[in-house]
Each structure stands twice: as C-alpha cells, then as structure tokens.
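Here is a short tour to read alongside your own view of the structure. It starts with the surface, moves on to the overall shape, and ends with a few individual residues.

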Amino acid sequence: MKNDIPLFLLNTPSSHPPKRGGGKINISYIDKSIESFAGILKESYIQWESASKTGFFHELDTRIKVVFWLFLIVIISLKKELLPELGIFITVFTLVVLSRINLVKFYKKIFLLGFIFGFLISFPSSLNVITHGEVLFPIITLSKPYDFWGYHIPEVIGFTGEGFSVVAMLTLRVLNSLSISFLILYTTPFPEIIKALKVLKVPDTFLIIISLAYKYIFIFARIVVDMHLAKKNRLVSAVKSAEARNWVAGRIAFIFRKTQLKCDDVFKAMVGRGFSGKIKLYQYQKIMGRDWIVGFFLFTLGLLFLWV
Amino acid sequence: MHIPDGYLSPQTFVPLYGASFVFWAVALKKLKKELSAKYIPYLAMAAAFSFLIMMFNVPIPGGTTGHAVGAGIIAILLGPWAAVLAVSVVLIIQAIVFGDGGITAIGANCFNMAVVMPFVSYWVFKLVKGNAKGGARFYAAAFLAGWIGLSVASVAAGFEFGIQPMIASGPDGKPLYAPYPLSIAVPAMAIEHMLVFGIVEGMVTALILKYFVKHESELVYATKEA
C-alpha cells in the first residue's frame, strides 16, 4: 500500500556525520555560525550580569573608571621594564579581588587570550634569528651560517635571554591590557562606558551611533541564531555545497534588508519623539566625594607606575 | 588581523589614531550631507550589519567553512565612506567588549581594516568590473576586491609591526614592541593573507554579491553609481 510518508523519514538515520566531497557538505557551517552568534549573546549576558553586581569597582563613578582605564592602558604601553608591568598586574589583580569578581572565570579568559595574542605571537622572537643576544638554549647547529635575500641564519640557532625578556614583556603587556579592560567591562554596563567617553570629548553623535549599533547587534544576532536553528531542525542529511552557500548568502541579504527596514523604523521613532537633528546625551550627576578620593588614589598609583 | 595592545609604540599608534580620525570626520561629514538626520540610524544599522557579516560561517568550495572581515563587501554594498564608519564602530565594539584588538591599537586597526581595506576593495571592484553588470568579469571583480583588499590591509599591518624594531628599540638593540623586522613581518602577514584568508575573503565577497545582484540588485551601492 502506498503511503504519504516522505522518503527521507523512511531512511534509517545514520549515526555518522555526513561525509564531505561529491559536491556535498556537512552541516557544520550551521553549528559554527550558531556557536559564533550564541557566543556573542552569552558573553554580553555574562558581562551584563557581572556588571549588575556590587563590588569595589562596580560602585565607582564610571567617568573615573574610564579615565583610569585609558590612563593605565597608555602607561602599560609606555613601560619598557618588566618590574612596573608586574606591579600593574598585581594592582589590577587586587582590584579584581576587591570587586569580588569570580577569579577563575576572569583569569581563565585573560590567560587564554594573553597566551594566544601575547605569548604565541611573540615566542618565535626569542630565537637568535630575530632577537640577537647570548644563546641560552641552542636547538640546532648548522655547518656554517647562511646569508640570503637579506636574511641571516647563524650557525647555532637557539633561544636567547634577550629574546625571553621580549616575550615576557609583550605577554605581560597584553595580559595587563586585557585585565584592566575586562575589569572595567565586568563592573560597568557597556552603555555607561560609552556615555562616560563624553568626558574625553568624544562627540555625542559618535557615541549614540556606537550605542545604537551595540543594541541592535544583539537583536539581530538573536534573529540569526533562530534562523540557523530553524534550518538545522529542517535538515536531515548533508546538503549540496552550492545550496548551502546560497542559503548563507540569502540569510546575509535578509539581515541586510532587515537592518535597512529597522533604520527607517528607528528614524521615524526618533522624529516622532521630536528629534530635529541635534544630538545631546544627558550629563551625568556630580561625582561623589568617595569617588574623588578613590580616583585620586588610583591616579596617584598610575603616576607612580609611570615614574618608576 | 586585529593588533593587540603592546605591539605598537606610541610613535605608531598616535599618528594612526590621527589618520583614522581624519577619515572618520570626512566620512561623517559626507554621510551627514547625503542622508541628513537619517545618518545616525543608518550608520548604526550598517555597523550592526557589518558586525554580523563577520560572524557568518560560509561554506566554501573544498568542503570547509570560513568567515570574512567583510570590509570589502560592505564597501561595495554601502559605499566606501559608510564602510569606514560602520567597520570602525564594529572594531571599537570588538576591542572594548570582546578584547579583539587593543585599545591603543584601535586607530591602527581602524586604519587597516576600516580605511585601507574598504577603499582598496571598492576601487579594485570598480576598476576590474568596468561596465559589466554581471557575468564572469563582474564576479571576478568582486573576488579580487575581497582578496586584494584584505591582502593590502594585511601588508599595512605587517608594515606597522615591521617598523617597530627600527623606531622603538632599547639601548642594547632589544625590541621594545613588535619584535619582528620588516623583512619578516610583511612577508609573514602578506603570505598567510594572500594564500589563505584573502582567498576566503574573495570567495565570500563574490558569493554575497552574486546573491544581491540576483535578488536585491537595487541595494548595491557600487552598481548604482555611474
């Protein structure tokens, strides 16, 4: 007897992932995209949740935090010795502890990023091929030194003390910059950070564009996750590569169209609320006495690091 | 290609902030004139779109997936000046919220990915496509726009890294910032971007443009212009 059950439902499902090749592609691109977009949503939620708690840095005026953050970032990039960088690391660590941030989660992320962008990128420079100096750990000995196309390969290739010091310096700089940046982010809501940039004379127009973009990134990211989940739910096997590419391009076009429609809606809403083209963000309240004292202490500490 | 904090000396990141600032000011002025008061939501939505386009994993021939920087396709879709601001906003958000790229390096990253890349991609596209409105030449132009745009931006980043040992070394000759000289930094950045990431960028640019031209051709800035 003929039934109306679609053919794909009658096939025995395979526990193995679809193979590549033959013009077909597995559906990993959907999973990867879901992971990317869900990662943004997750990260913003963690930051928002952490920023809404109470702690030493949470309660500090955002303007003081933002100016201290940028001040310290500049000091970190100016310092050329390991000792002040270590001092900065310990200072930020103390601020993280005082702010009652989960140390394991916080430093897990910092060390991972620091390892990739600080250590891994700079590590090859510890070889005497790049940083000259006394070889502490030889790894290869050639029959003779080589010179070609302006490159010099010494007879003994190995790690130098000077090279290790460069790697340590760059890794510490990256770790310090990330630590202070994430400390601010985990203790301050992002819109507040953007608003506080007003004290640095960043134009209101630019700040409002960043704030609006940030808000809509999450709204559209949610839509994209839903589109991918819906697609994944409808797929039962590998799809043709060209078909998959066409689908992704279609979703990008859909998001583009959606952003354009939203642009019109937002503009109409702005006009409806009396927008005449002039942008003015509201000023903050006055900075409290406690914030001035903490701010003074932090900036003195910063100056100390600058001077050391 | 996001440069982290600590790799560029102040002698490099301060002028690059200045250069980016000039492009931001001109772009803002141009768009304000073109779109009147609507430029604010327009740029915000363009930035949101630019951010999202970078997150899509696109299946590419060969069975793997990749994602693009997207500055090239954004310049073709929205115009190079809108791309300057949209991609810059994205890079600023990425640096502050996700730690992708340093705070001191925002100027440099914006210069490479939000100024150099959109303009190179846009002009390569215009130059190669000529009067073509479709067909092989048109899509080859889109591929080359993405590929060359990213490659040139990577060379710019490599150059910024490579000059550090020359302009910022200790008295003993020890590099204080990015340690690789021009002879290593530029080829390293150029080769990996020309052979791997640039090809993915080119494919993604051509793929997205192909869809737009087929279904939403009226939305493409680069084909609207005479």
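Chain A exposes about 17200 Å², and carbon and sulfur atoms supply 65% of that area. Please keep in mind that this is a predicted model. Turning from surface to interior, buried residues make up 44% of the 308 residues in chain A. On the charge side, chain A has 37 positive and 20 negative charges, and the mean positions of the two sets are 9 Å apart.

**Overall shape**

How many helices and strands does the secondary structure of chain A come to? There are 10 helices and six strands in chain A. Its radius of gyration is 27 Å, well over the 19 Å that the globule rule gives for 308 residues, so chain A is more spread out than a compact globule. Along the principal axes, the C-alpha trace of chain A spans about 85 × 75 × 40 Å. As for contacts in chain A with a separation of 6 or more, 79% of them are accounted for by residues 24 or more positions apart.

**A covered helix**

Helix H6 of chain A runs over residues 161–187. At 1.5 Å a residue, its 27 residues should span 39 Å, and the end C-alpha atoms are indeed 39 Å apart, which agrees. H6(A) is also mostly covered, with 23 of its 27 residues buried.

**A buried leucine in chain B**

Now take a look at B:Leu43, which lies in helix H2 (residues 39–55) of chain B. Is B:Leu43 buried or exposed? Its relative accessibility is 1%; buried means under 20%, so B:Leu43 counts as buried. Leaving aside residues up to four places away in sequence, B:Leu43 touches B:Leu28, B:Leu31, B:Ala82 and B:Leu85, as well as A:Ile209 from chain A. B:Val89 is 46 residues from B:Leu43 in sequence, yet their C-alpha atoms are 8.9 Å apart in space.

**Two loop residues with positive phi**

Back in chain A, A:Arg100 has a positive phi although it is not a glycine, and A:Lys201 is likewise a residue other than glycine with a positive value. The table sets out where each is found.

| Residue | Phi | Loop in chain A | Relative accessibility |
|---|---|---|---|
| A:Arg100 | about 55° | between helix H4 (82–98) and helix H5 (103–122) | 62%, exposed |
| A:Lys201 | near 65° | between helix H7 (190–196) and helix H8 (204–234) | 74%, exposed |

Exposed means over 50% relative accessible area, so A:Arg100 at 62% counts as exposed. A:Lys201, with 74%, is exposed too.

Methods. Residues are numbered from 1 along each chain as its sequence is written. Chains are lettered from A and ligands numbered from 1 in the order in which they are written. This is a predicted model: local features need pLDDT of at least 70, side-chain atom pairs count only at pLDDT 80 or more; totals for chains, interfaces and linings use all residues. Side-chain values use heavy atoms; hydrogens and water are left out. Helices (H or I, at least four residues) and strands (E, at least two) are DSSP runs, numbered from the N terminus. The radius of gyration is taken over C-alpha atoms; the globule rule is 2.2 Å times the number of residues to the power 0.38. Buried means under 20% relative accessible area, exposed over 50%, partly exposed in between (1.4 Å probe, protein chains only). Contact means heavy atoms within 4.5 Å. Accessible areas come from the Shrake-Rupley method with a 1.4 Å probe; for residues, only the protein chains shown count as cover. Lys and Arg count as positive and Asp and Glu as negative; His and the chain ends are not counted. The place of a charge is taken as NZ of Lys, CZ of Arg, CG of Asp or CD of Glu. The expected span of a helix is 1.5 Å times one less than its number of residues.
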